[in-house]
Each structure stands twice: as C-alpha cells, then as structure tokens.
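Subject: Structure for your files

Hello,

I am passing on the structure we spoke about, with notes on what turned up in it. Please look through it before reading on.

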Amino acid sequence: MSLLRVLIPSWKFFDSPGSLTRLEFQTSPDGKTWSSWTSPKAPAVSRGVLQLFLNPWENAWLAQTALVEKLCAEFFDLNLKSLSEMKSLDSYRLVVYWVRTEIQKLSHQEKYFHFKIEIQNSGAEATTLTLASSVHEI
Amino acid sequence: MIWTERLILFTLFLQSLEWYQVRALFSSHGIWRDGEGRELGLFSRHLSTLLVGRMVIIVLALIKPDASLMVFLVLSQVLIVLRFRGAYNGGSDYVTTLALLMIWLYRSFPQSPNVQTACLLYLGLQITFSYFLSGIGKLPNSEWRKGKALSYFLLSGKYQVPVIWQNLAQKKNPLLKLASFSVLVFELSFPLALVHPNLCWVYMGLGVIFHWFNFQIFGLNRFFWAWIACYPALLETSQWVSSRI
C-alpha cells in the first residue's frame with residue numbers, strides 16, 4: 001500500500017459480483033495416495049455485541065481469503081499458464097503457508113499436499129476455471 | 001477533530017487487540033511470517049510486543065493527546081499494513097491510516113488553523129467520497145440496478161453470512177431488492193450531508209444503521225468503528241461547508 005493509496009483511496013466496495021474463488025487442498029502420506037479435496041475451515045459465525053468490538057478470527061479469515069484473490073489477480077495480470085510459475089511470488093507463498101497451517105491443524109501424519117483454486121465468474125456466461133498447484137512438502 | 005481523534009484511538013486499540021489475539025498467524029510458523037520478502041527488522045520479529053506497546057501508547061494518547069505519540073501510531077500502522085502485504089481488512093485499514101495521518105498533521109501544527117482546517121476538511125471529504133464513489137462504482141453493474149446484487153453477495157460464500165440472511169436471499173425476499181436500492185440511494189446522495197449539519201446528522205444515523213447491517217451480515221466490525229470514528233470530522237466539515245454556501 002503506497003502512501004498515495006492511503007491519501008487517495010479508490011473507495012470501491014461491493015461494486016460488482018465479480019468472480020468467486022474457492023481454495024481446496026489434498027494431502028498424502030507418501031505422494032501416491034491422496035485424501036479427498038478439503039477446504040480450509042472457516043471460523044464459527046457469531047454476531048453478538050462482543051464481536052462488534054472484537055472479531056479477530058473472522059477478520060483473519062477475510063484477510064486469508066483475500067490472499068487467494070490476490071494470487072488469482074496476479075496470475076492473470078502476469079498472463080501465466082500455471083500456478084507453478086508463481087512459486088517465487090509472495091502471494092503464492094502466503095497461500096502455501098495458509099494451506100500448510102490448515103493441514104497441521106488436521107493431522108501430523110501427512111507429508112505432502114497440493115491445492116487448487118476454483119474461480120467462478122458470475123454473469124450471463126458463468127464459467128469456472130481451476131488453477132492447480134504443484135506438490136509441496138508439509 | 002478531537003472526538004474523531006478519541007474514537008480513532010479507540011478503534012486502533014480494538015484493531016491492535018484483535019491482531020494480538022491472532023498473533024499465531026504472524027509467528028515464525030504462521031501465514032504472515034517474517035522474512036519472506038518483507039523483512040522489516042525488529043519491528044516484524046517482535047510484532048506482538050509492539051502491539052502491546054501500541055496499546056499502551058494509545059491509552060497515553062487518550063489521556064494526553066500529543067503529536068509525538070501520533071508519530072509512533074502512524075508509523076506502526078504503516079508498518080503493520082506493510083507486514084500484511086498491503087492491507088489486512090482493505091477499506092477499514094485505509095480509513096484508519098488516513099484518519100491517523102490527518103490527526104497527526106492536525107496535532108503537529110497547533111499554531112496553524114489553516115493547516116488544521118485543511119486536515120479536517122480532507123478527512124471529511126474523503127469520508128463523503130467513500131460512500132459517494134462506492135455508489136458511483138456500483139452504477140454500471142446491472143445486478144445493482146436490478147436490485148439483485150445484495151442477494152448475490154449473501155449467497156456467494158465469499159463472506160461468513162449467518163444462515164438467517166442466506167435464507168432471506170434464497171427465498172428472494174422483496175426486502176432485499178428494496179435494501180439493494182436503498183444502499184445505492186444512500187451512497188449516491190451522501191454528499192447532501194455536507195449541505196447542512198442537520199442533514200449530516202440524518203446521514204450519520206443512516207450510516208450507523210448501514211455499518212451495523214454490514215457487521216451483522218458480513219462480519220465487518222472494523223468498518224463499523226473506522227467509519228463511525230470519522231463522523232465527528234464529517235459533521236465539522238458539514239458545518240464548515242454549509243456556513244459558506
């Protein structure tokens with residue numbers, strides 16, 4: 001975020017339905033047999049008075065989902081053909097860290113993982129595009 | 001500006017406390033770990049400690065406002081935003097940082113009423129733009145013009161929307177269509193808040209309801225506090241503008 005962006009923000013909120021991204025991952029203990037696709041677990045939703053003041057996990061969840069959107073935006077901006085070409089980019093590494101963190105919450109037996117991002121474009125001609133990562137060690 | 005300062009400090013305290021609660025996410029094994037292209041030195045490695053320090057500074061600034069305390073808060077805010085690679089919660093980060101910058105400048109020039117007025121007006125105008133330009137941005141989209149946009153956002157899965165609101169959207173409740181149009185009208189007409197302080201009070205009241213619903217539906221509590229904190233500056237801007245019309 002540049003200082004200019006702070007001083008002259010764009011002020012665009014919920015302007016268009018746009019595209020939806022969905023992150024899923026698979027894990028494997030040996031790199032041969034893979035689990036079923038799993039999505040990161042979202043925090044429980046609560047809208048009480050306390051959450052009006054402090055809603056840390058839901059805000060963190062929004063920031064995490066924004067990471068996936070940023071990765072997709074950079075993928076298209078850079079006109080790339082596969083997610084593997086993004087390995088050196090910050091946005092890719094952050095999503096890898098997110099998936100790794102999620103897997104470590106679920107199991108300590110798994111050794112490998114990969115993930116995919118489904119991008120659904122809304123509108124009259126709804127389309128779905130899937131970006132798949134390469135295999136990573138946990 | 002004094003009340004905006006107090007409220008933005010309160011907002012900043014809440015944000016710092018929230019980050020402190022999720023500090024595992026930016027630990028050495030977390031998602032936003034240090035040393036991955038965003039080495040910010042000591043600040044980054046001891047972010048939790050600095051968040052505690054920031055909360056202490058906020059309390060001190062609330063007790064005795066001072067430009068030097070604001071410098072620390074502005075710098076720490078910018079560094080935290082950098083740490084999170086651009087923004088954590090988008091718009092609320094921008095409003096908080098913008099308000100902090102203006103308050104710091106306001107405090108830094110106690111002998112220059114013109115600079116202070118400029119800071120106040122800039123913040124007030126940006127808050128007005130935040131609604132108005134957001135409304136302008138929605139206009140080209142047919143989903144908004146047809147009153148269908150809200151239903152889409154409720155069902156998209158992008159946000160953690162409570163089931164009660166999702167059911168409302170699934171049943172195509174006409175209230176949602178009305179709410180979609182109401183959001184457009186509210187945002188596009190927001191500059192009227194600057195015409196007269198009484199109108200400004202009306203828009204601020206509507207704004208509180210608007211942000212309350214944003215919290216209830218999408219969980220955007222940071223947006224609620226960041227914008228409400230700037231309302232006193234908006235009211236002063238309205239008083240300034242209306243006295244010159």
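The notes below cover the interface between the chains and then the cavities.

Please keep in mind that this is a predicted model.

Interface

Chain B uses 59 residues to contact 44 residues of chain A. About 5000 Å² is buried between chain B and chain A, and carbon and sulfur atoms account for 65% of that area. On the chain B side, 16% of the area buried against chain A is supplied by B:Ile31, B:Tyr94 and B:Gln160, more than by any other three residues.

As for polar interactions, there are 16 residue pairs in polar contact between chain B and chain A, counting pairs with both residues at pLDDT 80 or more. Salt bridges across this interface number zero by the rule applied.

Several helices of chain B give two or more residues to the side that touches chain A: α1 (2-21), α5 (91-108), α6 (113-138), α7 (142-145), α8 (149-155), α11 (197-218) and α12 (221-229). The largest share of that side is from α6(B), with eight residues. Sorted by class, the side of chain B that touches chain A holds 32 nonpolar, 18 polar and nine charged residues.

Cavities

How many cavities of 30 Å³ or more does a search of the whole structure find? There are two.

The largest cavity holds about 40 Å³ of space. Its lining includes one residue written with chain A, A:Phe53, together with B:Thr11, B:Leu14, B:Gln15, B:Glu18, B:Asn221, B:Arg222 and B:Trp225. Two elements of chain B, α1 and α12, each give two or more residues to this lining, and α1(B) has the largest share with four. By class, the lining of the largest cavity has three nonpolar, three polar and two charged residues.

The second largest cavity has a volume of about 30 Å³. The residues lining this second cavity are B:Ile2, B:Glu5, B:Arg6, B:Leu9, B:Ala61, B:Leu62 and B:Pro65. Here the elements of chain B that give two or more residues are α1 and α3 (47-63), and α1(B) gives the most, with four residues. The lining of the second largest cavity divides into five nonpolar, no polar and two charged residues.

One element recurs through these notes: α1 of chain B gives residues to the side that touches chain A, to the lining of the largest cavity and to the lining of the second largest cavity.

Regards

Notes:
Residues are numbered from 1 along each chain as its sequence is written. Chains are lettered from A and ligands numbered from 1 in the order in which they are written. This is a predicted model: local features need pLDDT of at least 70, side-chain atom pairs count only at pLDDT 80 or more; totals for chains, interfaces and linings use all residues. Side-chain values use heavy atoms; hydrogens and water are left out. Contact means heavy atoms within 4.5 Å. Buried area is the accessible area (1.4 Å probe) that two parts lose on being put together, summed over both. A salt bridge is a side-chain nitrogen of Lys or Arg within 4 Å of a carboxyl oxygen of Asp or Glu. A polar contact is a pair of N or O atoms within 3.5 Å; within protein, one must be able to donate a hydrogen and the other to accept it, and residues adjacent in sequence count only if both atoms are side-chain atoms. Ala, Val, Leu, Ile, Met, Phe, Trp, Tyr, Cys and Pro count as nonpolar, Asp, Glu, Lys and Arg as charged, and the others, Gly among them, as polar. On a 1 Å grid over the protein atoms alone, a cavity is a set of points where a 1.4 Å probe fits but cannot get out, and a pocket is an open set with protein on both sides within 12 Å along at least five of seven lines; lining residues have an atom within 4 Å of a point. Grid points are joined across faces, edges and corners, and a volume is the space filled by probe spheres set on the points.
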